[in-house]
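Work through the exercises below with the sequence and the 3D structure in view. Each task is followed by a solution in steps.

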Amino acid sequence: MQVTETTSEGLKREFQVLLPATELEDRLNTELSNIKGKVQIKGFRPGKVPVAHLRKVYGKSVMADVLQNAVNEANQQIVADKGLKLALEPQIEFPKDEEQNIIERALDAKGDLAFKVKLEVLPSFELADLSDVSIKKLVVTPSDEEIAEALERMAKDGRSFEDREEGAEAQTGDQVVIDFIGRIDGVEFEGGKGEDVPLELGSNTFIPGFEDQLVGAKVGDSRLVKTAFPEGYQAEQLAGKDAEFDVTVKAVKAPGESKIDDELAKRFGMDDLEKLKEAVSKAIGSDYEAQSRRKLKKELLDALDGKYAFELPPSLVHQEFAAVWAQVEQDLKNRGKTFEEEGTSEEKAQGEYRKIAERRVRLGLVLAQVGETADIRISDDEVNQALFARIRQFPGQEKQVYDFYRNNPQALAELRAPLFEEKVVDHVLGQVQVVEEPVSKETLFAEDDEADAEGASKADAEGASKADEPKDAKKDEAVAEQAAG
């Protein structure tokens, strides 16, 4: 096999590969001889089938394997001999006049096998000195007021409801138990039907306007609730649509007293109220620490981005841009917006998001090289822990989720990648100066509020946090999970 480098421009390489017809013939005969004792053909004893007959019966399929193996060998030889690190899989090009009948030509020994191998390689760069980099870590300590507010929500959410007296009208704050059937243009829609559904009026659990129209209802009442789904509703087929619901009220219940005491703590698996307060403080603090980590990571990546400037593999940038742009277009579609309504144009937006794609690729290459240089590895146990954490997000579907990941190496790799990135980030943090700065909760989330308002949160290459991430309900869920085990 002859391999000749024909192009070397920037990160692009091109090689011409020539495999003589005699070598193809030898490889074919070797493969046919290997299967001689394995095949059973009528009229021949096992192992006695002439190679010529095998060639007639299996020649095309075996030659296809020979050609594929030759291509793979060429790729491996090029990478090994040149010491290349590939950005993506090699592209193979056969002469256009031979593409359609390459196997037949090889079988008939009509000429040598010639093809091109086109590659994009990863750039070579030195890791930067980070001793002059200083970044801030914002620190927030949960206040007594926040802990008290969380306890009040938990007590309110955990309170019981008792039936009101016969004929009582439902008030805001009451719980009604309802049956309902929803219709759009007179036709029932999927997910628009429910029976014995408890609904606290004023909780904003249902779509806007629904709960308000049940205030004043009594047990046995039937009401026609007219409302509309929000424009950005998650089910696209319902977004912005007017809907009518036939609602039957089956019970009206008044809320019980919300008590913050040891009994509340025991409902969450704690020994007493003090233990519950400690758990709440820890959960809120964990939320703040996660947000602080996200901002710290973003500032670190900003600093890294400013330290490096090297040529990027075009195919990787194109691939990353395509993924980013698909998300942008989907987001606009979900919100029913246009680029003009967002104060920009499609061309300008593409330019901005292409820069984001370039940043992602650049930082990805930097983090990968840092990890390789530091010999950072992810153990199977760490991947398994991430897998089981993922499985717990789908109660009742644990086996299906487990089987999906175990049978899908690409999906499993997507669990490994963020673990690797976090370890690399920790390693890099050890090379820079990290200065803690106590701040208020508002300051911790202020920049993210602005980014969200401008729609710019998507623009951060590494998924910087959104301001609405640690909602109060999430804090309470964290406490409940902690209490449960």
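A salt bridge is a side-chain nitrogen of Lys or Arg within 4 Å of a carboxyl oxygen of Asp or Glu. By this rule there are 32 salt bridges. The model is predicted, so local features need pLDDT of at least 70 and side-chain atom pairs count only at pLDDT 80 or more, while totals for chains, interfaces and linings use all residues. Residues are numbered from 1 along each chain as its sequence is written, and side-chain values use heavy atoms, with hydrogens and water left out.

**Exercise 1. Salt bridges of helix 8**

Task: find which parts of the chain are linked by the pairs K85 and E372, R359 and D302, and D305 and R362.

Solution.
Step 1. Helices (H or I, at least four residues) and strands (E, at least two) are DSSP runs, numbered from the N terminus. Buried means under 20% relative accessible area and exposed over 50%, with partly exposed in between (1.4 Å probe, protein chains only).
Step 2. K85 and E372 form a salt bridge at 3.2 Å, N to O. K85 is in the loop between helix 2 and strand 3, and E372 is in helix 8, 287 residues apart. K85 is partly exposed at 47%, and E372 is exposed at 53%.
Step 3. In the pair R359 and D302, the closest N and O atoms are 2.8 Å apart. R359 belongs to helix 8 and D302 to helix 6, so this salt bridge ties together parts 57 residues apart in sequence. R359 is buried at 13%, whereas D302 is partly exposed at 33%.
Step 4. D305 and R362 also meet in a salt bridge, at 2.8 Å, N to O. D305 lies in helix 6 and R362 in helix 8, so parts 57 residues apart in sequence are tied together. R362 is buried at 17%.

**Exercise 2. The open sheet**

Task: in what order do the four strands of the open sheet stand, and where does F115 lie?

Solution.
Step 1. Two strands pair if DSSP finds at least two bridges between them. The order is 1-2-4-3, with antiparallel pairing.
Step 2. Strand 1 (2–9) and strand 3 (91–93) are at the edges with a single partner strand each, so one side of each has no neighbour in the sheet.
Step 3. Strand 3 pairs with strand 4 (residues 113–120) over three bridges, and Q91 stands opposite K118 in strand 4.
Step 4. F115 lies in strand 4 and is buried at 1% relative accessibility. Contact means heavy atoms within 4.5 Å. Beyond its neighbours within four places in sequence, F115 has contacts that include F15, V17, A70, V71 and I92.

**Exercise 3. The largest nonpolar core**

Task: which helix gives the most residues to the largest nonpolar core?

Solution.
Step 1. A nonpolar core is a set of buried Ala, Val, Leu, Ile, Met, Phe, Trp, Tyr and Cys residues joined through side-chain atoms within 4.5 Å.
Step 2. The largest core has 26 residues, and those touching the most other members are I135, L300, L304, F310, V428, L429 and V432.
Step 3. Two or more residues come from each of helix 6 (273–307), helix 7 (314–335), helix 8 (346–373) and helix 11 (409–429). Helix 8 gives the most, with six residues.
Step 4. Leaving aside its neighbours within four places in sequence, V428 is in contact with L130, L300, L304 and V370.
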